[in-house]
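Please take me on a walk through this structure, one selection at a time. I have the viewer open and would like to know what to click on next and what is there.

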Amino acid sequence: MLRAFRVAAFSLAAAFTLSSPALAAPPTGDPAGPRAWSLWQSDGTAWLSLPATAERPADGTVLGWRFAATTDFESPAVEVPDFTALCGKTALPEGGKRVGLAIDFGDAELDAYPGDTPPQQVVTCVTGAADATALQLLAAAAKVKVEGETVTSVNGYPSRAQGTDLPAPASASVAAPEASGVPVGWILGGAGALALLAGGAVVATRRRSRISA
């Protein structure tokens, strides 16, 4: 009787686990389902959906590109960057503009094609001509393939994407990252310490040679 009760209880628990959305295994993307890149624009606090044709952003704009399953487009998972923090130290080119850019390659389980691993997110500041489009600014920060005006891949992702390479416009550039190396004083100090150690090793070797002689 007790054994039968245990079997029934186990069966009931297993059925509940399989039927409960909260406890079920996380869904995976459809291997054959469509994927696409979408364009978004920040309003300062959130990402707003923006068609790729509604381009030519103004100076001070922050754009986001996101790769995802087309049945469930989501905004970039990148936290909305602050334009001043991102581009504040970048000089405004004469007759040009500065645009913050975030590139989100999507979720590895829900958006990636089988065998693909999404690259790390890219967040940077791009400069370009006043009439540069969002697509041109993207091409300044990454390697882009397109079919017409539709982005098919960014930095070679997804790997199966076809299309034509989009050259970066000559007037656009990516802001150089801030220097984050070791201070010069540390470098010189380290070099001096190494020199002292080397000198000490030479002296010790000479002393040992004299003693053994």
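Start by selecting Phe67: in this predicted model, its relative accessibility is 2%, so Phe67 counts as buried, the cut-off being under 20%. You will find Phe67 in strand S3, which covers residues 62–69. Now show what surrounds this side chain. Beyond the neighbours within four places in sequence, Phe67 is in contact with Arg35, Ala36, Trp37, Asp104, Phe105, Gly106, Asp111, Tyr113, Tyr157 and Pro158. Ala36 is worth a distance label: the C-alpha atoms of Phe67 and Ala36 are 5.7 Å apart, although 31 residues separate the two in sequence.

Next, step to Arg66. Arg66 is buried as well, at 5% relative accessibility. Which residues are linked with Arg66 in a network of salt bridges? They are Asp104 and Asp111. Draw the N to O distance from Arg66 to Asp111 and you should read 2.9 Å. Arg66 sits in strand S3 and Asp111 in the loop between S4 and S5, so this pair ties together parts 45 residues apart in sequence. For Arg66 and Asp104, the closest N and O atoms are 3.5 Å apart. That pair links strand S3 to strand S4 across 38 residues. Both acidic partners are buried: Asp104 has 3% relative accessibility, and Asp111 has 5%.

The whole structure has 3 salt bridges, so let us visit another one, between Arg98 and Asp59, with 3.4 Å between the closest N and O atoms. Arg98 belongs to strand S4 (residues 96–104), while Asp59 lies in the loop between S2 and S3, 39 residues away. Colour by accessibility here: Arg98 is buried at 14%, whereas Asp59 is partly exposed at 36%.

Zoom out to the sheet. It is open, with 6 strands in the order S2-S1-S3-S4-S5-S9 and mixed pairing. Strands S2 (47–50) and S9 (173–174) stand at the edges with a single partner strand each, so one side of each has no neighbour in the sheet. To see how S9 is attached, select S5 (residues 122–129): 2 bridges join S5 to S9, and the strands run antiparallel. One place to look is Thr127, whose bridge partner in S9 is Ser173.

Finish at the hairpin of S6 and S7, which has 2 residues between its strands. Gly148, in the turn, has a positive phi of about 70 degrees. S6 (residues 144–147) and S7 are antiparallel and joined by 4 bridges; Val146 has Val151 of S7 as its bridge partner. Strand S7 (residues 150–154) has 4 of its 5 residues buried, so the rest of the structure largely encloses this strand.

How values were computed. Residues numbered from 1 in each chain as written. Predicted model: local features only at pLDDT ≥ 70, side-chain atom pairs only at ≥ 80, totals over all residues. Heavy atoms only, no water. Buried < 20%, exposed > 50% of the residue type's maximum accessible area, 1.4 Å probe, protein only. Contact = heavy atoms within 4.5 Å. Pairing = 2+ DSSP bridges. Salt bridge = Lys/Arg side-chain N within 4 Å of Asp/Glu carboxyl O.
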